[in-house]
Amino acid sequence: MAAVKNTAKTFKLNSGDSVPGIGLGTWQSKPGQVEKAVEAALRAGYRHIDTAFAYGNEKEVGEGIRASGVPREDIWLTTKLDNPWHKRVAEGIDQSLKNLGTSYVDLYLMHWPCSLDPDHEGKAYADWDFVDTWREMQKLIGTGKVRNIGVSNFGIKNLEKLLNDPSCKIVPAVNQIELHPGNPSPKLVAYNKAHGIHTSGYSPLGSSDSPLYSNETINAIAKAKSRTPQQILLVWGLQKGWSVLPKTVTTSRVEANYDLDGWSLSDDEVAKIDAIPDRFKVCQDGWLPVTVFYGDDE
Ligand code: NAP
């Protein structure tokens, strides 16, 4: 059997582009730390970086990319439109490109299906929602500033509203959602797939202070394979068919999380992880003035 190369795994999008299966996450990666992490990741072999305007670190992410010496065209770069920018999509991408110091991103995501009025903190617009935002995002294709557009934190109800609207001419290339054994969302993953939308998994390790690191099933599999719990979680995600976006600002962990080649999980091991009963969700939508998930992200 040919050696398994998990780090070389890519997923084909409905646009025809292919996204690398593993990308470095940068949420809560502070300026001062994130540049080093991005540089270390690219030097270790990662070719996919996930950031967002809302993370406040696009500038340093761009600096990390340049410090790595890896050519920009070899890197898949994702950033996201922030909620208070929904009526200013053209300005939003220009601001992100300026921050990142690049002329294009590979993927521009609507961060949340929630259009906030920047003049009234925490209030949603009465005359604008994510369907209007998507209409504007579609105009970015062809400008050379974005290669693909997609969404994030969309459950089935919101995806149906978007896809059924007559103004929707481009099916999102990606839906980036929370995915780990504590929140495996099989119905939403299946919905994405049925509609040609690639699923990208955020918080693949269970985020900060992850309860998954002490999970018995994960640890037993890790021990049996002489792997870390984090490596098991990442390969599980890749084998389930989604891209994974592990975040770390620790160089040794950047490298360990990319040490995924030459082994895989058996069907039985995948099934055991699928059957972990404990549920938890890192990113609830209670902090937003609109409902995002309607129990349809299961
Ligand atoms: P995560 O990647 O699941 O977990 C990150 C945490 O795990 C950090 O505390 C990190 O610590 C630790 N860690 C990483 N590798 C480790 C290792 N090998 N051993 C021990 N600990 C390790 O969490 P996340 O940041 O929530 O999610 C990942 C990415 O998904 C984000 O960074 C972001 O890019 C994206 N995301 C998107 C959304 C969205 O709304 N679209 C929401 C959440 C996340 P250190 O950094 O201290 O090393």
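A polar contact, as the term is used here, is a pair of N or O atoms within 3.5 Å. The model on screen is predicted, and this tour starts at its ligand.

**The ligand**

Select the ligand and the residues around it. The surrounding set holds 29 residues, and D50, S207, T248, T250 and R253 are the closest. By class, this shell contains 14 polar, 11 nonpolar and 4 charged residues. The pocket that holds the ligand is the largest one.

Now show the side chain of S207. One of its polar atoms is 2.7 Å from a ligand oxygen, so the pair falls within the 3.5 Å limit for a polar contact. Go on to T250, where a side-chain N or O atom also lies 2.7 Å from an oxygen atom of the ligand. Then add Y213: the distance from an N or O atom of its side chain to an oxygen atom of the ligand is 2.9 Å. With these side chains displayed, consider the surface of the ligand: alone it exposes 910 Å², of which the protein buries 90%.

**Strand β9 and the loop after it**

Select S200, which is in strand β9. S200 counts as buried because its relative accessible area is 4%, under the 20% cut-off. Show S243 as well: the side chains of S200 and S243 are joined by a polar contact of 3.0 Å.

Move along to S203, in the loop that runs between β9 (198-202) and α7 (216-225). What is the sign of phi at S203? Phi there is positive, near 50°, in a residue other than glycine. S203 is buried too, since its relative accessible area is 10%.

**The loop between β8 and α6**

Next, select the loop between β8 (174-178) and α6 (186-194), and pick H180 within it. Is H180 buried or exposed? Its relative accessibility is 0%, so H180 counts as buried. Display E178 alongside: its side chain and that of H180 make a polar contact at 2.7 Å.

In the loop between β8 and α6, select S185. Phi of S185 is about 45°, a positive value although the residue is not a glycine. With a relative accessible area of 3%, S185 is buried.

**The loop before β8**

Step back along the chain to K169, in the loop between α5 (156-164) and β8. K169 has a relative accessible area of 67%, and is therefore exposed; the cut-off for that label is over 50%. Show P166 with its backbone: the side chain of K169 reaches the P166 backbone oxygen at 2.9 Å. Then add W134, which is 35 residues from K169 along the chain; the two C-alpha atoms are separated by 9.6 Å.

**The loop between β6 and α4**

Select H120, in the loop between β6 (107-110) and α4 (130-138). Its relative accessible area is 45%, so H120 is partly exposed. Display D117 and look for the polar contact of 2.9 Å that joins its side chain to that of H120. For a distance across the model, pick A256: it is 136 residues from H120 in sequence, and the C-alpha atoms are 44 Å apart.

**Two loops earlier in the chain**

Pick E73, placed in the loop between α2 (58-68) and β5 (76-81). What is the relative accessible area of E73? The value is 62%, and E73 is therefore exposed. Select Y104 next: E73 and Y104 are 31 residues apart in sequence, with 9.8 Å between their C-alpha atoms.

The last stop is G16, found in the loop between β1 (10-12) and β2 (18-20). G16 is partly exposed, as its relative accessible area is 39%. Add V70, which is 54 residues from G16 in sequence and 23 Å away in space, C-alpha to C-alpha.

Conventions: Residues numbered from 1 in each chain as written. Predicted model: local features only at pLDDT ≥ 70, side-chain atom pairs only at ≥ 80, totals over all residues. Heavy atoms only, no water. Near = heavy atom within 4 Å. Polar contact = N/O pair within 3.5 Å; in protein donor to acceptor, adjacent residues only side chain to side chain. Areas by Shrake-Rupley, 256 points an atom, 1.4 Å probe, with all protein chains shown as cover. 1 Å grid on protein atoms, 1.4 Å probe; cavity = no way out; pocket = protein on both sides within 12 Å on 5 of 7 lines; lining within 4 Å. Sits in = over half its atoms within 2 Å of the grid points. Nonpolar A, V, L, I, M, F, W, Y, C, P; charged D, E, K, R; others polar. Helix = DSSP H or I, 4+ residues; strand = E, 2+ residues; numbered from the N terminus. Buried < 20%, exposed > 50% of the residue type's maximum accessible area, 1.4 Å probe, protein only.
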